[in-house]
Amino acid sequence: RRQRQMCIRDRYSLDNITAYAMAGITSVKYSHWNHFKDASNYTASYVTSKDASDAEWIEGLGDASGGHENDLYIEADPIATAQLKAGVLYELGDALSFMSAIPVVGKIYEESNVWFNLGLVDKAPVFDQVIQDWDAKMSTDPINEKFTAFEFGLNSRSSDGTMAGSISYYNTNWEDRVSTRTVENENGDEDIIYLTGINQLHTGIEGEVSMQLNEMFRFDFGLGFGHWRYVDNASGTYRDSEGSDQTYGYAIEDVRVGDAPQISIIAGLQAAPIDGLIIEASFRSYLRNYADWDPTSREYTSLAGAPANVNSWRAPDYSIVDLNFSYDVPFEYNGVTPQVYLNIRNALDEVYVQDAVDNSRYNAYPFRVNDHSANAAEVYLGMPTSYNLGFKFNF
């Protein structure tokens with residue numbers, strides 16, 4: 001991979017306003033030099049050969065060095081990309097002073113600001129989406145992925161540092177995404193699905209607050225509420241283990257994006273009962289965790305038409321409790337201080353589904369395939385209770 005980049009940045013400040021902007025262009029060029037394949041075995045016009053017989057940096061059999069005299073070599077055309085990012089922040093000062101009438105919350109207004117960010121990104125596909133090294137096939141006209149994103153929010157904190165909070169909204173439109181998926185066929189061989197034209201929309205609200213209740217206790221709380229979905233159906237090329245291709249459509253329009261919970265709630269309480277000792281308990285809850293969609297159960301041809309776009313199976317919501325302890329040993333030698341720590345993950349030994357695949361062809365309960373139910377899903381359970389006891393030196 002060879003990459004050239006040019007970037008322009010600027011920052012502007014006036015009174016309560018701070019703004020920035022950045023623009024850049026990038027040129028990416030991929031090449032593939034394979035020392036284990038003979039170029040004469042391939043007929044594509046973009047395949048050439050390289051003589052590596054005198055290349056001492058290539059290890060051969062035994063103590064021999066040097067490669068093959070007719071190595072497979074593929075070089076793609078340069079791919080141009082561009083990006084533009086900008087943002088502005090405005091200091092509110094005491095403009096939110098009216099919040100002082102609200103108990104507890106009133107402390108936050110003392111130092112506040114609002115902000116807005118915008119990003120337009122044209123992203124080059126990764127290497128495997130341009131040159132497929134396993135079968136020496138190259139995309140002659142790869143499509144760049146496009147991100148259009150904006151977000152805005154409010155930050156506030158008290159001047160004495162005992163409270164801080166923020167809330168923000170984000171909207172990201174991800175267009176022309178390319179994805180490669182591997183599936184196992186009935187013979188146990190791996191087939192490849194090369195998906196194109198995947199469009200996703202991610203919107204959501206995130207907020208957090210931190211409170212130093214007193215000298216001993218600190219409380220933190222965070223909430224993320226997202227709505228992530230596929231905007232359109234996708235198209236893809238199904239390539240079997242023998243190298244033959246067939247084009248399908250994939251019915252995913254309005255299907256929720258899977259493999260990550262779309263709602264998260266995190267709360268933590270930290271205590272420092274004595275000097276050097278910190279005890280922390282954290283609670284994490286995850287909701288709306290949809291299974292990743294299975295391509296083989298959503299395929300359709302133009303003759304058959306797109307099937308109903310039903311959401312993937314939604315895994316059960318789950319909550320995890322973690323405990324953390326640390327103690328700074330009251331000993332110092334030449335600026336080095338020791339610390340003992342203990343981490344307990346999933347302290348209540350919760351059994352939960354961390355990831356899942358919808359409509360699994362090989363792990364579904366018999367006679368329940370393609371109905372987007374729990375019986376048709378392939379699940380990956382999360383880790384049980386685990387302990388981590390350690391000793392480290394700070395210097």
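These are my notes on pockets, cores, backbone angles and salt bridges in a predicted model.

**Entry 1. Pocket**

I started with the largest pocket, whose volume comes to about 340 Å³. I then asked which residues lie nearest its centre. They are Thr182, Val183, Asp294, Val357 and Glu378, out of a lining of 17 residues. By type, I found seven charged residues in this lining, along with six nonpolar and four polar. Next I looked up which strands supply the lining. Strands β11 (163-184) and β24 (378-381) each give at least two residues to it. The largest share is from β11, with four residues.

**Entry 2. Cores**

I moved on to the nonpolar cores. The largest has 15 residues, and Tyr230 and Tyr250 make the most contacts inside it. Five strands each supply at least two residues of this core: β11, β12 (190-212), β13 (217-230), β14 (234-239) and β15 (245-250). Of these, β12 gives the most, three residues. I noted that β11 appears here and also in the pocket lining.

I listed what Tyr250 touches, leaving out residues up to four places away in sequence. Among its contacts are Ile193, Leu195, Ala234, Tyr238, Trp293, Pro295 and Tyr300. The list also includes the charged residues Arg298 and Glu299. Apart from this core I found another, of 14 residues, including Tyr30, Val130, Ala136 and Met138.

**Entry 3. Positive phi**

I checked the backbone for positive phi angles. Most residues other than glycine have a negative phi. Asp176 is not a glycine, yet its phi is positive, about 55 degrees. Asp176 sits in strand β11. I asked whether Asp176 counts as buried or partly exposed. Its relative accessibility is 24%, so Asp176 counts as partly exposed, the cut-off for buried being under 20%.

Asp349 also has a positive phi, near 55 degrees. Where is Asp349 placed? I found Asp349 in the loop between β22 (337-345) and β23 (353-357). With a relative accessible area of 42%, Asp349 is partly exposed.

**Entry 4. Salt bridges**

Side chains of opposite charge can pair when their charged atoms come close. I looked up how many salt bridges the model has. The count is eight, and I wrote down three of them.

The first I noted joins Arg229 and Asp254, with the closest N and O atoms 2.9 Å apart. Arg229 belongs to strand β13 and Asp254 to the loop between β15 and β16 (263-271), so the pair ties together parts that are 25 residues apart in sequence. Arg229 is partly exposed at 23%. Asp254 is partly exposed too, at 45%.

The next is between Asp322 and Arg284, at 2.8 Å from N to O. Asp322 is in strand β21 (residues 318-328) and Arg284 in strand β17 (residues 277-287), so this pair ties together parts 38 residues apart in sequence. Which of the classes, buried or exposed, does Asp322 fall into? Asp322 counts as buried because its relative accessibility is 4%. Its partner Arg284 is partly exposed, with a relative accessible area of 24%.

The last I noted is the pair Arg314 and Asp317, whose side chains meet at 3.7 Å from N to O. Arg314 has 38% relative accessibility and counts as partly exposed. Asp317 is partly exposed as well, with a relative accessible area of 38%.

Note on methods: Residues are numbered from 1 along each chain as its sequence is written. This is a predicted model: local features need pLDDT of at least 70, side-chain atom pairs count only at pLDDT 80 or more; totals for chains, interfaces and linings use all residues. Side-chain values use heavy atoms; hydrogens and water are left out. On a 1 Å grid over the protein atoms alone, a cavity is a set of points where a 1.4 Å probe fits but cannot get out, and a pocket is an open set with protein on both sides within 12 Å along at least five of seven lines; lining residues have an atom within 4 Å of a point. Grid points are joined across faces, edges and corners, and a volume is the space filled by probe spheres set on the points. A nonpolar core is a set of buried Ala, Val, Leu, Ile, Met, Phe, Trp, Tyr and Cys residues joined through side-chain atoms within 4.5 Å. Buried means under 20% relative accessible area, exposed over 50%, partly exposed in between (1.4 Å probe, protein chains only). Contact means heavy atoms within 4.5 Å. A salt bridge is a side-chain nitrogen of Lys or Arg within 4 Å of a carboxyl oxygen of Asp or Glu.
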